[in-house]
Amino acid sequence: MASTLEELIGKKVSVICGDGRCLIGTLKGYDQVQNIVLSETHERAFSLDSPVELIDLGLYIVRGDNLAIIGELDEEEDAKVDLGSVRAEPLKPVMHTAL
């Protein structure tokens, strides 16, 4: 994972957290346990009843143990999406179960 994160430094990324939050920001750095630092971050809060809410977070740290998915955001494609018309159920948190 670390080699992939290195390639994403300075790029706009989309992050899905273990608690179900969706964050968009510029990856500024990471450490050996995949804690990440994002700048110009905002959260996209989804709801079935209202448009996507953008919550400004600014400089933000995500602990590595709460990082579920991270990927480069295609800003051109993202700009084509009308978030005002999007309705979606919020993601549920990741649940760990014993086998």
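**Close-up views of a predicted model**

**Figure 1. The whole chain, seen in overview.** With 99 residues, a compact globule would be expected to have a radius of gyration near 13 Å, and the protein, at 14 Å, agrees with that expectation. The model shown here and in every figure below is predicted. Taken along the principal axes, the C-alpha atoms of the protein fill a box of roughly 40 × 40 × 20 Å. The protein contains two helices and five strands, and from the N terminus on these elements follow one another as α-β-β-β-β-β-α. Of the 99 residues, 33% count as buried. When contacts between residues at least 6 apart in sequence are considered, 51% of them join residues at least 24 apart.

**Figure 2. The five-stranded sheet.** The strands form an open sheet with the order S4-S3-S2-S1-S5, and their pairing is antiparallel. At the edges of the sheet lie strand S4, which covers residues 53–62, and strand S5, each of which pairs on one side only. On average, and with direction ignored, neighbouring strands of this sheet are turned by 25° against each other. One of the pairings in view is that of S3 with S4, which runs in the antiparallel sense over eight bridges. Within S4, Ile61 is the bridge partner of Val37.

**Figure 3. The largest nonpolar core.** In soluble globular proteins, nonpolar side chains tend to be buried together. Here the largest nonpolar core has twelve residues in all, namely Leu5, Leu8, Val13, Val15, Cys17, Leu23, Leu27, Ile36, Leu38, Val62, Leu67 and Ile70. The elements that give two or more residues to this core are helix H1 (2–8) and the strands S1 (12–17), S2 (22–30), S3 (36–45) and S5 (67–72). Among these, S1 gives the most, with three residues. A student who wishes to follow one member of the core through its surroundings may take Leu27, which, when residues up to four places away in sequence are not counted, touches Leu5, Leu8, Ile9, Gly10, Lys11, Val13, Ile36, Val37, Leu38 and Ile70.

**Figure 4. Two cysteines without a disulfide.** A disulfide is a covalent bond between the sulfur atoms of two cysteines. A search of the whole structure finds zero disulfides. The cysteine sulfur closest to that of Cys17 belongs to Cys22, and because the two sulfurs are 8.5 Å apart, they are too far from each other for a bond, given that a disulfide requires sulfur atoms within 2.5 Å. Both cysteines are shielded in the model: Cys17 counts as buried at 2% relative accessibility, and Cys22 is buried as well, with a relative accessible area of 8%.

**Figure 5. Tyr60 and its partners.** Tyr60 is found in strand S4 and is partly exposed, with a relative accessible area of 21%, a value that falls between the limits of under 20% for buried and over 50% for exposed. Leaving aside residues up to four places away in sequence, Tyr60 touches Arg21, Leu23, Ile36, Val37, Leu38 and Thr41. Although Tyr60 and Gly25 are 35 residues apart along the chain, their C-alpha atoms are separated by 8.6 Å.

**Figure 6. Ser39 within strand S3.** The place of Ser39 is in strand S3, where this residue is buried, with a relative accessible area of 10%. When residues up to four places away in sequence are not counted, the residues that Ser39 touches are Gly25, Thr26, Lys28, Gly58 and Leu59.

**Figure 7. Two residues with a positive phi.** Most residues other than glycine have a negative phi, and most peptide bonds are trans. Gln34, which is not a glycine, nevertheless has a positive phi, near 65°, and lies in the loop between S2 and S3. Its relative accessible area is 18%, and Gln34 is therefore buried, as the limit for that term is under 20%. Glu40 likewise has a positive phi, of about 50°, although Glu40 is not a glycine. Glu40 is found in strand S3 and is exposed, with a relative accessible area of 59%.

Definitions and conventions:
Residues are numbered from 1 along each chain as its sequence is written. This is a predicted model: local features need pLDDT of at least 70, side-chain atom pairs count only at pLDDT 80 or more; totals for chains, interfaces and linings use all residues. Side-chain values use heavy atoms; hydrogens and water are left out. A nonpolar core is a set of buried Ala, Val, Leu, Ile, Met, Phe, Trp, Tyr and Cys residues joined through side-chain atoms within 4.5 Å. Buried means under 20% relative accessible area, exposed over 50%, partly exposed in between (1.4 Å probe, protein chains only). Helices (H or I, at least four residues) and strands (E, at least two) are DSSP runs, numbered from the N terminus. Contact means heavy atoms within 4.5 Å. Two strands pair if DSSP finds at least two bridges between them. Axes are lines fitted to C-alpha atoms, for helices over the stretch in contact, and angles run from 0 to 180 degrees between N-to-C directions. The radius of gyration is taken over C-alpha atoms; the globule rule is 2.2 Å times the number of residues to the power 0.38.
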